Amino acid sequence: MRFRRPPEWNYLILAAAAMLADRITKFGVERLSAPGFEHVLIPGMLNLIHTNNPGVAFGLFADSGSPLLSPLLIIFSASVIVFLLWLLITGRAGGTAGKTGMALILGGAAGNLLDRVMRHSVTDFIDFHVGSHHWYTFNIADSVIVLGSFFVLFELLKDWKQAAEEKA
């Protein structure tokens with residue numbers, strides 16, 4: 001008798017791969033550079049830098065200084081992770097695009113949660129900019145969270161369109 005893994009495992013494997021990619025890249029940046037390090041990869045567009053963000057996405061609350069910020073972010077992130085796991089394991093995450101998106105969000109959230117638990121901040125290192133207009137520094141976890149959000153949004157819009165067509 002051959003063991004067949006449930007299809008939901010594929011999405012959990014995708015989440016683990018996203019988290020692993022994030023952890024490997026952060027480990028490399030943390031081990032090979034000091035905070036404040038900056039190296040131009042593509043002049044006028046892309047730098048590799050080493051920063052630590054104690055806040056949330058886009059640097060929000062980074063200057064808060066509140067001792068409660070880190071524990072609250074850890075609790076919130078852990079809650080989101082548990083919710084996404086529940087959606088994926090119970091098959092309530094929608095279709096293929098929705099499940100893929102939620103798996104990517106799960107992997108990114110887990111990668112950033114590990115940073116918060118280990119050092120109370122998140123290591124960011126990708127500095128994308130066009131001329132003097134900089135985007136907020138980010139990491140692989142942030143990238144897969146955004147990519148996953150697009151997958152979920154795509155599925156929601158596709159389902160919304162189908163529902164509207166069925167009504168008509």
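Helices (H or I, at least four residues) and strands (E, at least two) are DSSP runs here, numbered from the N terminus. With the whole protein chain selected, four helices and four strands can be picked out, and from the N terminus on these elements run α-β-β-α-α-β-β-α. The model is predicted, so that local features need pLDDT of at least 70 and side-chain atom pairs count only at pLDDT 80 or more, while totals for chains, interfaces and linings use all residues. Residues are numbered from 1 along each chain as its sequence is written, and side-chain values use heavy atoms, with hydrogens and water left out.

**The whole chain**

Still at this scale, the C-alpha trace spans about 55 × 40 × 35 Å along its principal axes. Of the 168 residues, 34% count as buried, where buried means under 20% relative accessible area, exposed over 50%, and partly exposed in between (1.4 Å probe, protein chains only). If a contact is taken as heavy atoms within 4.5 Å, residues 24 or more positions apart account for 65% of the contacts in the protein chain with a separation of 6 or more.

**Helices H1 and H2**

Next, select residues 8-32, which are helix H1, together with residues 69-89, which are helix H2. Their axes come within 9 Å and cross at roughly 150 degrees; axes are lines fitted to C-alpha atoms, for helices over the stretch in contact, and angles run from 0 to 180 degrees between N-to-C directions. That crossing makes H1 roughly antiparallel to H2, since angles under 35 degrees count as roughly parallel, over 145 as roughly antiparallel, 65 to 115 as roughly perpendicular and the rest as oblique. On the H1 side the contact is made by Glu8, Tyr11 and Leu12, and on the H2 side by Leu85, Leu88 and Ile89.

**The nonpolar core**

Now show the side chains of Ile81, Leu84, Leu88, Met102 and Leu106, which touch the most other members of the largest nonpolar core, a set of 15 residues. A nonpolar core is a set of buried Ala, Val, Leu, Ile, Met, Phe, Trp, Tyr and Cys residues joined through side-chain atoms within 4.5 Å. H1, H2 and helix H3 (96-119) are the elements that give two or more residues to this core, and H3 supplies its largest share, seven residues. Centring the view on Leu106 brings up Leu12, Ala15, Ile81, Leu84, Leu85 and Leu88, which Leu106 touches when residues up to four places away in sequence are not counted.

**Ser70 and His120**

Move to Ser70, which lies in H2 and is buried, with a relative accessible area of 10%. Beyond its neighbours within four places in sequence, Ser70 is in contact with Arg116 and His120. His120 sits in the loop between H3 and S3 and is partly exposed, with a relative accessible area of 49%; its phi is near 60 degrees, a positive value in a residue other than glycine.

**The strands**

Finally, select strand S1 (residues 38-42) and strand S2 (residues 46-53), which pair in the antiparallel sense over four bridges, pairing being assigned if DSSP finds at least two bridges between two strands. His39 has Leu48 in S2 as its bridge partner. S1 and S2 form a hairpin with three residues between them, and Gly44 in the turn has a positive phi of about 75 degrees. Adding strand S3 (residues 122-130) shows six bridges joining S2 to S3 in an antiparallel arrangement, with Asp127 in S3 as the bridge partner of Asn47.
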